[in-house]
Amino acid sequence: MPKHGKIKCRSHALSLKNHMDNDRMESIFETRRNDMQVNRMQQRKWAKIIAILIGILAVVSVAAVVMTQLHKGNGRCYAMIYQDGELVEKIELWKVEESYEKTFYSASGGENTVMVSPNSIGVVKADCPDQLCRKQGMTEGGTASVICLPNRLVIEVKLVESTKENLDAVSR
Amino acid sequence: MKAKKLVQLSLFTVIAVTIFVIEATLPPIVPIQGVKLGLANIVTLVLLLYDSPKDVFLVLFARILLGSILGGQMMSFLYSLSGGVLCFVAMTACNRLIGRDYIYITSVVGAIFHNVGQLLMALLLLQTKGVLLYAPILMISGIITGLFTGLCAHFFRKKMGEKLPL
């Protein structure tokens, strides 16, 4: 191809356009439009699928929250206290008769004072910056957990399964 | 990297860090770790609309690093990073799949994966399954806050148009 000047180039394009079948031009545009539309439709399809998945997740989560709230009950429960990922204490809260406080120290020097009450437990004093563990207050009933992330303290409260053995223990 | 791009990304980083720090000083709405609005994610979303994933990641990483230094807790860096990286991967993939028109859905996906990342990090660091009790609450909060930040980014695009006036 010879070098084209600006004008030559334009004329070249023009002649090309003239030579080109009008129908063909139209069909090229048509396919491009169709491509975009197909893309749009694909995107909409995926958006719908993802939205439905999110909806399912929302429903399942709400159900799970409701279930744990219902499951709480007022049954006898015990607390497992983990410090730095290790179980340091297991307290049977239903046996506690008088409230007392106990302080736990983390490996990094953090301090959490835990209040143990009849069938209830919670952090009452902490030196962590966010104080979220303290703000969660005392637990009520079973199935809950109090976590202090900075000091790596986890209190897990669980219901005592009402097995025959436990019932016997009560009746005795 | 062109100077203009550098300035633009720096500007966004500053905005993101500012939002991040201000949000950290606000009192938490719910006393549960991990439940927060995640307003800084609006900046990530806006960048996702206008820039390449590489740029988004640069700003996100800079924000997490600076935010953690200013926040003063090294522990929060690990949580932010695990959440941020997972959120970034999920949002990039989602954005490619469904496009810019549905940025709020992308945002919700990102928020969910952010919380998943934090949960995994908490599982790893605390070595306790009790953390999983928070999973449903974190999912719900992720959906709500993700929708909020996503709509913010959506309206940002509506106001600003298809190209950033920078």
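Colleague: Which residue forms a salt bridge with B:K5, the closest N and O atoms being 2.6 Å apart?
Modeller: Keep in mind that this is a predicted model. B:K5 sits in helix α1 (residues 3–25) of chain B, and its partner lies 46 residues away in the loop between α2 (41–50) and α3 (53–71) of chain B. B:K5 is partly exposed at a relative accessible area of 25%, while the partner is buried at 13%. That partner is B:D51.

Colleague: What other side chain meets B:K5 in a salt bridge, at 3.5 Å from N to O?
Modeller: This one is in helix α3 of chain B, so the pair ties helix α3 to helix α1, parts that are 50 residues apart in sequence. With 7% relative accessibility, the residue counts as buried. The side chain you are after is B:D55.

Colleague: Let's move along chain B. Which residue meets B:D101 in a salt bridge of 3.2 Å?
Modeller: B:D101 is in the loop between α4 and α5 of chain B, and the partner is in helix α6 (residues 135–160), 56 residues apart from B:D101. B:D101 counts as partly exposed at 27% relative accessibility, whereas the partner counts as buried at 13%. The partner is B:R157.

Colleague: And which chain A residue meets B:D101 in a salt bridge?
Modeller: Between chain A and chain B the count is 1 salt bridge. The N to O distance in the pair with B:D101 is 3.5 Å. A network of salt bridges links this chain A residue with B:R100, B:D101, B:R157 and B:E162. The residue is A:R40.

Colleague: How many salt bridges does a search of the whole structure find?
Modeller: The pairs above include B:K5 with B:D51 and B:D101 with B:R157. The search runs over all chains, and the number found is 9.

Colleague: How much area do chain A and chain B bury between them?
Modeller: At this interface, 35 residues of chain A are in contact with 32 residues of chain B. Carbon and sulfur atoms carry 74% of the buried area. The area buried between the two chains is about 2,800 Å².

Colleague: Is helix α5 of chain B largely enclosed or not, and how many of its residues are buried?
Modeller: Helix α5 covers residues 103–126 and reaches 34 Å from its first C-alpha to its last, close to the 34 Å expected at 1.5 Å a residue. Just after the helix, B:Q127 takes a positive phi of about 55°. The rest of the structure largely encloses α5(B), because its buried residues number 17 of the 24.

Colleague: Which residues is B:S80 in contact with, leaving aside its neighbours within four places in sequence?
Modeller: B:S80 belongs to helix α4 (residues 74–98) of chain B. At 12% relative accessibility, B:S80 counts as buried. Its contacts are B:F20, B:I64 and B:Q118.

Colleague: Over to chain A. In what order do its elements run from the N terminus on?
Modeller: Chain A has 4 helices and 7 strands. Buried residues account for 31% of its 172 residues. Among its contacts with a separation of 6 or more, 37% come from residues 24 or more positions apart. The elements run α-α-β-β-β-β-β-α-β-β-α.

Colleague: Where does A:I121 lie?
Modeller: A:I121 counts as buried, at 0% relative accessibility. Leaving aside neighbours within four places in sequence, A:I121 has contacts that include A:A79, A:I91, A:V116, A:M138 and A:V157. By contrast, its C-alpha atom is 40 Å from that of A:A51, 70 residues apart along the chain. A:I121 lies in strand β5 (residues 120–126) of chain A.

Colleague: How many disulfides does a search of the whole structure find?
Modeller: A disulfide needs two cysteine sulfur atoms within 2.5 Å. A:C133 is in none, as the nearest cysteine sulfur, that of A:C148, is 3.6 Å away; B:C87 is in none either, with the sulfur of B:C94 nearest at 11 Å. A:C133 is buried with a relative accessible area of 0%, and B:C87 counts as buried at 5%. Over all chains, the number of disulfides is 0.

Methods:
Residues numbered from 1 in each chain as written. Chains lettered and ligands numbered in written order. Predicted model: local features only at pLDDT ≥ 70, side-chain atom pairs only at ≥ 80, totals over all residues. Heavy atoms only, no water. Helix = DSSP H or I, 4+ residues; strand = E, 2+ residues; numbered from the N terminus. Buried < 20%, exposed > 50% of the residue type's maximum accessible area, 1.4 Å probe, protein only. Contact = heavy atoms within 4.5 Å. Expected span 1.5 Å × (residues − 1). Buried area = accessible area lost by both parts, 1.4 Å probe. Salt bridge = Lys/Arg side-chain N within 4 Å of Asp/Glu carboxyl O.
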